[in-house]
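I set out to note where charged side chains sit and how they pair, and I want the entries to stay close to what can be looked up.

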Number of protein chains: 2
Amino acid sequence: VKDHVPILRVRGRLVVTMHADLDDAAAQDFQEHLLVAIEKRGAGGLVIDVSALDTVDSYVAQVLANTAKMARLMGTRTVVVGMRPVVAATLVRMGMPIEGVETALDVDDGLDFLDRKP
Amino acid sequence: VKDHVPILRVRGRLVVTMHADLDDAAAQDFQEHLLVAIEKRGAGGLVIDVSALDTVDSYVAQVLANTAKMARLMGTRTVVVGMRPVVAATLVRMGMPIEGVETALDVDDGLDFLDRKP
């Protein structure tokens with residue numbers, strides 16, 4: 001039995017917290033789980049909270065960016081929220097900007113963003 | 001004890017003035033300090049005033065551009081304001097455009113910009 005990341009519904013959007021101990025297989029699973037949730041439950045938007053992450057490797061960054069692109073193809077906007085300074089610094093210094101992904105400071109701001117730009 | 005650059009809160013944004021005597025280590029410190037301030041205090045936007053700079057070397061230009069990218073990943077827009085003519089001319093002549101950074105004439109204009117494009 002797979003232990004899936006809980007996906008909350010808040011203000012009509014899906015909100016999920018990315019866990020710190022995500023290995024490559026788990027990241028893939030996380031992505032699929034999210035896309036199925038969008039299909040089954042619908043979503044006016046998807047908020048991915050990354051505040052639990054102290055580090056992000058290139059694989060996880062890629063999964064994040066790709067998940068947002070996939071959700072977009074399914075008609076759902078993604079906002080990545082809560083990125084810690086050290087993670088933001090690492091991504092930029094390593095030349096791994098998460099291109100084309102909207103960002104916000106925290107979950108509340110992310111939901112506000114989706115309200116403003118549905 | 002490190003002597004940090006003061007970060008003001010004006011109209012809900014963070015405003016910081018970049019000092020003239022910024023060596024490489026200080027530039028790095030300036031960047032980290034700003035990112036932590038964004039995380040701790042939140043920011044509807046970040047205004048970096050560079051009017052105190054008579055020269056900008058490629059390293060400082062890079063720090064500026066990267067800081068804006070990092071802040072962006074944390075959900076905060078950056079506007080660089082107050083660039084002096086000689087600095088703007090140098091950056092362009094040396095082929096060091098600060099890509100992807102919004103600019104405005106002064107702090108007030110920078111804040112107006114953030115009000116218009118939240």
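Is Asp112(B) buried, partly exposed or exposed? I looked this up and found Asp112(B) partly exposed, at 31% relative accessibility. I keep in mind that this is a predicted model, with a mean pLDDT of 88 for chain A and 95% of that chain's residues at 70 or more, and that the predictor gives the complex an ipTM of 0.81 and a pTM of 0.86.

Next entry, salt bridges. I find 14 of them over all chains. Asp112(B) meets Arg11(B) in one, at 2.9 Å from N to O; because Asp112(B) lies in helix H4 (residues 107-116) and Arg11(B) in the loop between strands S1 (7-10) and S2 (13-17) of chain B, the pair ties together parts that are 101 residues apart in sequence. Arg11(B) is partly exposed, with a relative accessible area of 42%.

I then followed helix H4 of chain B to Asp115(B), which pairs with Arg13(B) in strand S2, the N to O distance being 2.6 Å. Asp115(B) is partly exposed at 41%, whereas Arg13(B) is buried at 10%. In chain A, I note that Arg11(A), Arg13(A), Asp108(A), Asp112(A) and Asp115(A) are joined into one network by salt bridges that share partners.

Between chains, I looked at Glu102(A) and Arg72(B), whose closest N and O atoms are 3.5 Å apart; Glu102(A) is in strand S5 of chain A and Arg72(B) in helix H2 of chain B, so the pair joins two chains.

Last entry: I see a surface patch of negative charge formed by Asp21(A), Asp23(A), Asp24(A) and Asp57(A).

Terms used
Residues are numbered from 1 along each chain as its sequence is written. Chains are lettered from A and ligands numbered from 1 in the order in which they are written. This is a predicted model: local features need pLDDT of at least 70, side-chain atom pairs count only at pLDDT 80 or more; totals for chains, interfaces and linings use all residues. Side-chain values use heavy atoms; hydrogens and water are left out. Patches are made of residues with over 30% relative accessible area and no salt bridge: like charges are joined within 9 Å, nonpolar side chains (Val, Leu, Ile, Met, Phe, Trp, Tyr) within 5 Å. Accessible areas come from the Shrake-Rupley method with a 1.4 Å probe; for residues, only the protein chains shown count as cover. A salt bridge is a side-chain nitrogen of Lys or Arg within 4 Å of a carboxyl oxygen of Asp or Glu. Lys and Arg count as positive and Asp and Glu as negative; His and the chain ends are not counted. The place of a charge is taken as NZ of Lys, CZ of Arg, CG of Asp or CD of Glu. pLDDT is the predictor's confidence in each residue, from 0 to 100. Helices (H or I, at least four residues) and strands (E, at least two) are DSSP runs, numbered from the N terminus. Buried means under 20% relative accessible area, exposed over 50%, partly exposed in between (1.4 Å probe, protein chains only).
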